[in-house]
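Visitor: Before we begin, I should like each label to be justified by its criterion. Please show me the model.

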Amino acid sequence: QAKMAGRNAVRFFNPQMQAEVSRRAEMDAGLWLALEREQFVLHYQPQVLADGRVVAVEALVRWQHPERGIVPPTEFIALAEENGLIVPLGRWVLEAACMQLARWASDPSRADIAIAVNVSARQFRHERFVDELADILERTGAPPSRLEIELTESSLLADVESVIARMDALKERGVRFSLDDFGTGYSSLAYLKRLPLDQLKIDKGFVRDILVDPNDAAIAKMVIVLAESLGLQVLAEGVETDAQRVFLAGQGCDAYQGYLFSRPLPLEALEAYLGMRRLRGPRRLRAASIRG
Ligand code: C2E
Ligand code: MG
Ligand code: MG
Ligand code: MG
């Protein structure tokens, strides 16, 4: 007993914890300032169809820190969700992505490209989300049918009627919906069937060991079959090797995203990448591996 109390006391005054608390407080304040100082930037990662065409890019936010350099979203999105910054930050991301979509829409060589944007649960459930997005689409002149919202299963845990109402309001304008990190959450199949989704994304956690772990392979196959039977497109994320792509193609996967094709790129590098692919023509993927 005494030992336990002692341990708790030690834990309570742990200087390491103090350091962690002040690091988080600093990070918290830094994030709000970063938004004010326009230190966030979007990188774009190509999404590639089975025939090699780049039909979309996923916008992934980064923090350009004056001292620390580029800070990845894995280091600040969870905190932004906790402290509420995700609402204005997410609005900034949508606005930046829609401005880019509008620019591309007036460029014939880019006119068919879509942008996928990640929307957090807290952001999606915000009462003003639908109105604000509709407003952004109108102000920027972005073609709504080339905007794809990536939600995770946790966004859909709220009551089903309100989730469907939100999705429907945006779908009416032509916005598309994709379910990100699929397989890592808890959505029931009966629930999934009711949602107006366009795409499922197989989480990269299942793709990584797909060639060596039979459980991961089984899950990936199941998601592909499920998507097919629900009439949804299916995209595999985190594809790093051609062997992984070939395996997924053999199961009937529609689209791919991952380092095999490209890392997320700053806008200028993405433009160069797209220009190169246009000149060479889409890199032909081995047809033999694509299910007929
Ligand atoms: P996500 O939406 O699942 O995005 C895919 C993540 O996998 C990205 O990490 C991407 O860089 C990484 N990735 C892509 N291809 C590969 C690959 O072949 N191998 C491996 N190992 N990783 C790959 P990133 O950019 O660090 O983003 C992490 C997460 O942060 C995203 O996961 C998303 O949940 C969140 N996020 C990023 N941008 C935003 C945003 O604007 N808003 C919100 N709410 N969340 C965002
Ligand atoms: Mg995503
Ligand atoms: Mg994902
Ligand atoms: Mg992920």
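Guide: In this predicted model, the donor residues of the magnesium ion (ligand 3) follow the sequence spacing D-D-x55-E. The pair D181 and E237 links distant parts of the chain, 56 residues apart: D181 belongs to strand β6 (residues 176–182), and E237 to the loop between β8 (233–236) and α11 (242–251).

Visitor: What makes D180, D181 and E237 donors of the magnesium ion (ligand 3)?

Guide: A donor atom must be N, O or S within 2.8 Å of this metal. The atoms concerned are OD of D180, OD of D181 and two OE entries of E237, at 2.1 to 2.4 Å from the ion, so they satisfy the cut-off. D180 also bridges this ion and the magnesium ion (ligand 2), the two ions lying 4.1 Å apart.

Visitor: Why is E237 called buried?

Guide: Buried means under 20% relative accessible area. E237 has 8%, and therefore counts as buried.

Visitor: Why does D181 count as partly exposed?

Guide: The class lies between the 20% and 50% limits. At 25% relative accessibility, D181 therefore counts as partly exposed.

Visitor: How many cavities of 30 Å³ or more are counted?

Guide: The count comes to one, and the largest cavity has a volume of about 70 Å³. Its lining includes V87, R91, H126, F129 and E132. Helices α4 (86–105) and α6 (129–140) are the elements that give two or more residues to that lining.

Visitor: What classes of residue make up the lining of the largest cavity?

Guide: Five are nonpolar, three polar and two charged.

Definitions and conventions: Residues numbered from 1 in each chain as written. Chains lettered and ligands numbered in written order. Predicted model: local features only at pLDDT ≥ 70, side-chain atom pairs only at ≥ 80, totals over all residues. Heavy atoms only, no water. Donors = N, O, S within 2.8 Å, 3.2 Å for Na, K, Ca; no water. Helix = DSSP H or I, 4+ residues; strand = E, 2+ residues; numbered from the N terminus. Buried < 20%, exposed > 50% of the residue type's maximum accessible area, 1.4 Å probe, protein only. 1 Å grid on protein atoms, 1.4 Å probe; cavity = no way out; pocket = protein on both sides within 12 Å on 5 of 7 lines; lining within 4 Å. Points joined across faces, edges and corners; volume = space filled by probe spheres on them. Nonpolar A, V, L, I, M, F, W, Y, C, P; charged D, E, K, R; others polar.
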